[in-house]
Amino acid sequence: MSGCISRTVSQRGIPQATRFVKHAPLTISDYMRTVYRISQENSIEPDELRQKVLDSNPELAQLAAQIAADAKDVESRNTLAEAYLNHGLLRSAYTLFTEALNNGGDFRTEIGLARIWDQWHDSSMAHRHAAAATAINPGSAEAHELMGNIYLHANAPAEAVGELKQALELSPDVPVVIANLGYAYMWNRNLPEAKACFEKALSLNSNLSEARNNLGIVLAQMGDYEGALAQMAQVSAPE
């Protein structure tokens with residue numbers, strides 16, 4: 001079965017944090033989990049990759065210099081961490097987001113840490129930070145979308161449905177979110193709702209191949225084999 005559709009980190013629609021929440025201290029198990037993940041990332045993320053990103057982007061290099069000069073610059077740490085995250089440098093991004101969190105952090109900090117832990121397949125830690133982001137800004141569609149995806153990755157489609165519906169109430173007609181809601185319905189065996197979501201997502205963006213593939217699966221499960229074959233043919237058709 002196809003998975004949900006992911007998006008790269010973006011500052012599109014990120015609201016400014018209006019309040020802060022008190023962060024619960026890490027437990028011993030949380031600390032050990034972090035040490036383990038960082039030790040793994042250290043073995044697969046050479047420093048040369050991070051330096052290559054900085055060398056290719058003068059603005060990011062300037063941010064790195066600002067961070068080195070100011071130990072409490074949360075905004076610069078968030079921005080550079082987001083860039084590292086977009087380049088797949090999870091350990092470097094985690095380090096900067098953690099430094100930002102230790103200096104108070106904000107919405108972007110919590111969102112970034114949630115994304116990293118989600119990519120590290122740790123739904124507990126990902127949920128912890130996504131919940132903190134939602135507490136800072138309950139009206140953020142991005143936070144609810146991320147929480148929904150975390151629930152999907154944690155095999156909790158019913159909870160994912162609730163979060164993704166909230167995201168769409170706040171920011172309607174986002175094709176990827178609609179497709180992921182369809183996937184949650186599909187996993188929950190609600191085939192009519194899944195079909196409707198996939199069809200709507202594809203009407204907004206016909207290039208979502210995973211949504212089209214999932215629509216084909218749903219149609220087959222509903223007994224519409226001709227429709228299923230038509231969708232599958234479009235997925236496999238050469239561009």
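His121 lies in the loop between helix H6 (107–119) and H7. In this predicted model, the phi angle of His121 is near 60°, a positive value in a residue other than glycine. Most residues other than glycine have a negative phi. His121 is exposed, with a relative accessible area of 73%. A second positive phi occurs at Arg189, near 65°, again in a residue other than glycine. Arg189 belongs to the loop between H10 and helix H11 (191–204). Arg189 is exposed, because its relative accessible area of 56% is over the 50% limit.

The protein chain as a whole is built from helices. Its secondary structure comes to 13 helices and zero strands. Read from the N terminus, the order of elements is α-α-α-α-α-α-α-α-α-α-α-α-α. The chain has 239 residues, and 48% of them count as buried. Contacts with a sequence separation of 6 or more were also examined. Of these, 58% join residues 24 or more positions apart.

Beyond the loop that holds His121, a second histidine, His127, sits in helix H7 (residues 123–136). His127 is partly exposed, since its relative accessible area is 29% and the partly exposed class lies between 20% and 50%. Leaving aside residues up to four places away in sequence, His127 touches Met147, Ile150 and Tyr151. Gly148 is 21 residues from His127 in sequence. The C-alpha atoms of His127 and Gly148 are 9.7 Å apart in space.

Helix packing was examined for two pairs. Two packed helices are described by the angle between their axes and the distance between the axes. The first pair is helix H2 (residues 47–56) and helix H3 (residues 58–69). The axes of H2 and H3 are 5 Å apart, and the helices pack at an angle of about 115°. From H2, the contact takes Val53, Leu54 and Ser56. From H3, it takes Pro58, Leu60, Ala61 and Ala64. By class, the contact of H2 with H3 has six nonpolar residues, one polar residue and no charged residues.

The second pair is helix H10 (residues 175–187) and helix H12 (residues 209–221). Their axes come within 10 Å and cross at roughly 30°. Angles under 35 degrees count as roughly parallel, and H10 and H12 are therefore roughly parallel to each other. H10 passes H12 in a left-handed crossing. On the H10 side, Ala179, Tyr183 and Met186 take part in the contact. They meet Ala211, Asn214, Ile217 and Val218 in H12. The residues of the contact of H10 with H12 divide into six nonpolar, one polar and no charged.

The largest nonpolar core contains 65 residues. Within this core, Leu80, Tyr84, Phe198 and Leu208 touch the most other members. H10 gives the most to the core, with nine residues. The contacts of Phe198 were listed without residues up to four places away in sequence. Among them are Ala179, Tyr183 and Met186, which are also the H10 residues that meet H12. Gly182 is touched by Phe198 as well. Further contacts of Phe198 are Ala211, Asn214, Leu215 and Val218. Of these, Ala211, Asn214 and Val218 also belong to the H12 side of the contact with H10. Phe198 thus touches residues from both sides of the H10 and H12 contact.

How values were computed: Residues are numbered from 1 along each chain as its sequence is written. This is a predicted model: local features need pLDDT of at least 70, side-chain atom pairs count only at pLDDT 80 or more; totals for chains, interfaces and linings use all residues. Side-chain values use heavy atoms; hydrogens and water are left out. Axes are lines fitted to C-alpha atoms, for helices over the stretch in contact, and angles run from 0 to 180 degrees between N-to-C directions. Helices (H or I, at least four residues) and strands (E, at least two) are DSSP runs, numbered from the N terminus. Angles under 35 degrees count as roughly parallel, over 145 as roughly antiparallel, 65 to 115 as roughly perpendicular and the rest as oblique. A crossing is left-handed if the near helix is turned anticlockwise from the far one by less than a right angle, and right-handed if clockwise. Contact means heavy atoms within 4.5 Å. Ala, Val, Leu, Ile, Met, Phe, Trp, Tyr, Cys and Pro count as nonpolar, Asp, Glu, Lys and Arg as charged, and the others, Gly among them, as polar. A nonpolar core is a set of buried Ala, Val, Leu, Ile, Met, Phe, Trp, Tyr and Cys residues joined through side-chain atoms within 4.5 Å. Buried means under 20% relative accessible area, exposed over 50%, partly exposed in between (1.4 Å probe, protein chains only).
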